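Grab a pencil and work through these exercises with the model open beside you. Each task comes with a solution that goes step by step.

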Amino acid sequence: MSALVVIGAQWGDEGKGKVVDLYSEYADIVVRCSGGANAGHTLVHEGTTLITHLIPSGVMHPGTVCVLGDAMVIDPWMLVDEIKNCQTHGLLASNDDLLISRRAHVVMPYHKTLEAFREKKASAIGTTLRGIGPAYEAKVARRGVRMGDLINKDRLRDLITQNMEEFTGTDHALDSVESMTQEAYAIGKQLEAYYTDTGLFIYESLQSNRRVLFEGAQGTMLDVDHGTYPYVTSSSTISGGACIGGGVGPTAIDAVIGIAKAYTTRVGHGPFPTRLDIAEEENMRALGNEFGATTGRPRECGWLDMVALRYAVRINGMTGLALTKLDVLGGLDDLKICTAYDIGDRRIQSPPDTLDDFSMAQPCYESFDGWTEDIQNVRSRADLPKNAQAYVKAIETMLDIPLTLLSVGPQRQESIEIFRPFGLQG
Ligand code: GDP
Ligand code: IMO
Ligand code: MG
């Protein structure tokens, strides 16, 4: 087995960074497939905490090649800063450690200007203000600037001129075409050494049985087609997005591991059926330190939503589940799992396909007894408190897929590995 997709199975921030960092030990190549600097992935190992926004979460493993794939939208100024930050930690020492697709799109300064303007309106989505939506709009409208265009000054100038015309008649403060061209060209030149045909590199790597981990960003319920539209991001965050972003066909993928917290969080606007009341939410936010890694916003918190999670299993073709932040639930008397939604007099087991229905959904809960023991140092499933074992067993049974990993703390080693990735034997 050499191609593994790891995706978020909820509304983002499931602990993808931690799990991908752990799994990167077994991977030769880690590919970020979609999204941009809206992501914030936290890696904690041996006293170092690194938050990556664009660079794949395999970066802490020297020798693992990090790839920025075709379907990403990259803010090149942020990327240069992020590379420098990694280098101060002794990472990405060689140009061969990082490969950037020329096909990936560029988040331009005017994308952020446009988004900031829109997000002040009543129709705001609650975005991360990283220019993601406008950059994907430009891509689909076929006037986007791609990473490869940054180093072709004439083409770049033409594209910027064409895009800036969209702003005529608005009063946004925008740099002149020429100075923007010069600045974008200069930043592109700083990244040129990393440019590669990443799809070809991944294909050839798979042909020679190198292990490739495709890392999703955001989460299933934020997918532009399958999430809680319009309160979603603008990319394909589900496992299918790994093929698009990696430039590989679906038959290349051997396994799909979804990551979910043992409860649920969300940032930004939009429906969230299992959200707790204010006092309980504050408590869970404090227990789980639930503040955004990108924006610092307090995350909304709620019980585990099995309706959304079963949907994630279906839509991603998940073959396994990595359950994170189980330690956070320690000390709570009574735990709940939402097993169905009530919408009026209808009871449904699968997420509604309209925003109106989703906004009305009321959770139906099954209750579980909590545990008081600190489980951060537990390293085997059998050593978990009985009630914790019953809680995770219930999740496994309800989803009908195996648990591959239980995460009991933010550090790499605070993990109970049930199955190793890539079918490797422990
Ligand atoms: P991502 O976007 O999915 O990579 O997740 P984030 O990094 O945005 O948010 C997850 C947060 O939970 C980070 O602060 C992690 O360090 C932390 N974390 C990950 N796994 C665990 C865990 O099992 N227990 C605890 N207590 N924290 C965890
Ligand atoms: P990671 O990879 C959680 C949310 C935003 C907003 C919506 C649209 O760390 O899990 P955008 O800026 O993408 O246009 O915002 O999506 N969002 C995330 N929520 N984790 C993320 O990334 C997110 N990336 C975007 O809060 O609701
Ligand atoms: Mg995050």
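Which residues come nearest to ligand 2? Keep in mind that you are looking at a predicted model.

**Solution 1.** Start with the residues around ligand 2: there are 19 of them. Now look for those that come nearest, and you should land on D13, K16, H41, T128 and T233.

**Exercise 2.** Find polar contacts made by oxygen atoms of ligand 2, then work out how much of ligand 2 the protein buries.

**Solution 2.** Begin with side chains. H41 puts a side-chain N or O atom 2.8 Å from an oxygen atom of ligand 2. R297 also uses its side chain, with an N or O atom 2.9 Å from an oxygen atom of the ligand. Next, check the backbone: a polar backbone atom of G126 is 3.4 Å from an oxygen atom of ligand 2. Finally, turn to the surface. On its own, ligand 2 would expose 550 Å², and the protein buries 98% of that.

**Exercise 3.** Describe the pocket and the shell of ligand 2.

**Solution 3.** First the pocket: ligand 2 takes up the space of the largest pocket. Then sort the shell by class, and you get six nonpolar, ten polar and three charged residues.

**Exercise 4.** Now do the job again for ligand 1: list its closest residues, its polar contacts and its buried share.

**Solution 4.** Step one is the surroundings. Ligand 1 has 18 residues around it, and the closest are K16, G17, T42, D327 and S407. Step two is the backbone. E14 has a polar backbone atom 3.0 Å from an oxygen atom of ligand 1, while for G15 a backbone N or O atom lies 2.9 Å from a ligand oxygen. Step three is the side chain of T42, where a polar atom lies 2.5 Å from an oxygen atom of ligand 1. Last comes the area: taken alone, ligand 1 exposes 590 Å², of which the protein buries 91%.

**Exercise 5.** Which element gives the largest share of the shell around ligand 1?

**Solution 5.** Look for elements that supply at least two shell residues; α1 (16–23) and β3 (41–45) each do so. The largest share, three residues, belongs to α1. By class, this shell holds four nonpolar, seven polar and seven charged residues. As for the space, ligand 1 takes up the second largest pocket.

**Exercise 6.** Locate the salt bridge of D197 and say what it ties together.

**Solution 6.** The partner is R103, and the closest N and O atoms of the pair are 3.3 Å apart. Place each residue: D197 is in the loop between β8 (195–196) and α7 (198–207), and R103 is in the loop between β6 (98–101) and β7 (105–106), so the bridge ties together parts 94 residues apart in sequence. The full count for the model is 22 salt bridges.

**Exercise 7.** Where do you find a cis peptide bond, and where does L92 sit?

**Solution 7.** Recall the background: most residues other than glycine have a negative phi, and most peptide bonds are trans. Y229 and P230, though, are joined by a cis peptide bond, with omega about 5 degrees. P230 belongs to the loop between β9 (212–215) and α8 (240–246). L92 is not a glycine, yet its phi is positive, about 50 degrees. You'll find L92 in the loop between α2 (76–88) and β6.

Note on methods: Residues numbered from 1 in each chain as written. Chains lettered and ligands numbered in written order. Predicted model: local features only at pLDDT ≥ 70, side-chain atom pairs only at ≥ 80, totals over all residues. Heavy atoms only, no water. Near = heavy atom within 4 Å. Polar contact = N/O pair within 3.5 Å; in protein donor to acceptor, adjacent residues only side chain to side chain. Areas by Shrake-Rupley, 256 points an atom, 1.4 Å probe, with all protein chains shown as cover. 1 Å grid on protein atoms, 1.4 Å probe; cavity = no way out; pocket = protein on both sides within 12 Å on 5 of 7 lines; lining within 4 Å. Sits in = over half its atoms within 2 Å of the grid points. Helix = DSSP H or I, 4+ residues; strand = E, 2+ residues; numbered from the N terminus. Nonpolar A, V, L, I, M, F, W, Y, C, P; charged D, E, K, R; others polar. Salt bridge = Lys/Arg side-chain N within 4 Å of Asp/Glu carboxyl O.
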